[in-house]
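Thanks for sending this one over. Here are my notes, point by point, for you to read with the structure open beside them.

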Amino acid sequence: MQSSDPKDAIIAFISAPSVTISDVPAPNTQGWRGQRSKGGLGARPETIRFLKERHLPQRQLHYVTFEDEKGMPMHFTCYVIEDDDGTWKVQGAAGGSGRGPQRSAPWANLGGGGGQQFYAGGRVEHSGQEVARVRLLSANGILLEDSVDDDIVLFLADQYIETPLQAELYDRQRVLIGTHQVLSMGRRVP
């Protein structure tokens, strides 16, 4: 699913049918399921909306909403890269349906990938407070920051980002109102 336009590559990927290959209850949860699938995400093309994006040379990150073929509202962070021949392809995606578990404190619900081609994005849960900015501090000391726009944050870095990261959530006066760990994908072993 490659294209000369990054958004077309995303549309082709998320519009392709999804085939579930595994569907099991998620451990230590109530009602959550762990699903693995192949193919695309089964989006109805007329419902696809691009809400926020970040760009680096040959790499982009887009926050996309859509309805799947069953009418379920979905939201995904889609990471695309440009090949040497100028075509774009989806390299990763994170998201799902709904907003995730309800939390009693502000929370950045992020998905993404670490390492040399770091990307992360997702929705911010305000929990009665107004989160205006989210900062991520990587295990190797890199600081990333984004404004909260329509409850969405996106992070894209051109340097090695070691996980896990510490998320810091700030209000409009830049007062710290919450912290938690995100993207605990493991650490690089030297």
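1. Let me start with His 75, which sits in strand S6, residues 73-82. Please keep in mind throughout that this is a predicted model. Is His 75 buried or exposed? With a relative accessibility of 15%, His 75 is buried, because the cut-off for that class is under 20%. Which side chain does the side chain of His 75 meet in a polar contact? The partner is Tyr 63, and the contact is 3.0 Å. If you want to look at Tyr 63 as well, strand S5 covers residues 59-67.

2. Just ahead of that strand there is a backbone angle to look at. Gln 58 is not a glycine, yet its phi is positive, at about 65 degrees. You will find Gln 58 in the loop that runs between strand S4 (49-56) and strand S5 (59-67). Its relative accessible area is 39%, so Gln 58 counts as partly exposed.

3. A positive phi also turns up at Asp 150, again a residue other than glycine, with a value near 50 degrees. Asp 150 belongs to the loop between strand S11 (143-147) and S12. How does its accessibility class come out, buried or exposed? Asp 150 is exposed, because its relative accessible area of 66% is over the 50% cut-off.

4. On to the peptide bonds: where is there a cis one? Thr 163 and Pro 164 are joined by a cis peptide bond, with omega at about 5 degrees. The loop holding Pro 164 links strand S12 (152-156) to strand S13 (165-170).

5. Towards the end of the chain, Ser 184 is in the segment that follows strand S14 (176-182). Ser 184 has a relative accessible area of 53% and is therefore exposed. Between Ser 184 and Gln 166 there are 9.7 Å from C-alpha to C-alpha, for a sequence separation of 18 residues.

6. Finally, the overall picture. The protein has one helix and 14 strands. Of its 190 residues, 45% are buried. Taking the contacts with a sequence separation of 6 or more, 49% of them are between residues 24 or more positions apart. The accessible surface adds up to about 10,200 Å², and carbon and sulfur atoms contribute 47% of that.

Terms used. Residues are numbered from 1 along each chain as its sequence is written. This is a predicted model: local features need pLDDT of at least 70, side-chain atom pairs count only at pLDDT 80 or more; totals for chains, interfaces and linings use all residues. Side-chain values use heavy atoms; hydrogens and water are left out. Helices (H or I, at least four residues) and strands (E, at least two) are DSSP runs, numbered from the N terminus. Buried means under 20% relative accessible area, exposed over 50%, partly exposed in between (1.4 Å probe, protein chains only). Contact means heavy atoms within 4.5 Å. Accessible areas come from the Shrake-Rupley method with a 1.4 Å probe; for residues, only the protein chains shown count as cover. A polar contact is a pair of N or O atoms within 3.5 Å; within protein, one must be able to donate a hydrogen and the other to accept it, and residues adjacent in sequence count only if both atoms are side-chain atoms.
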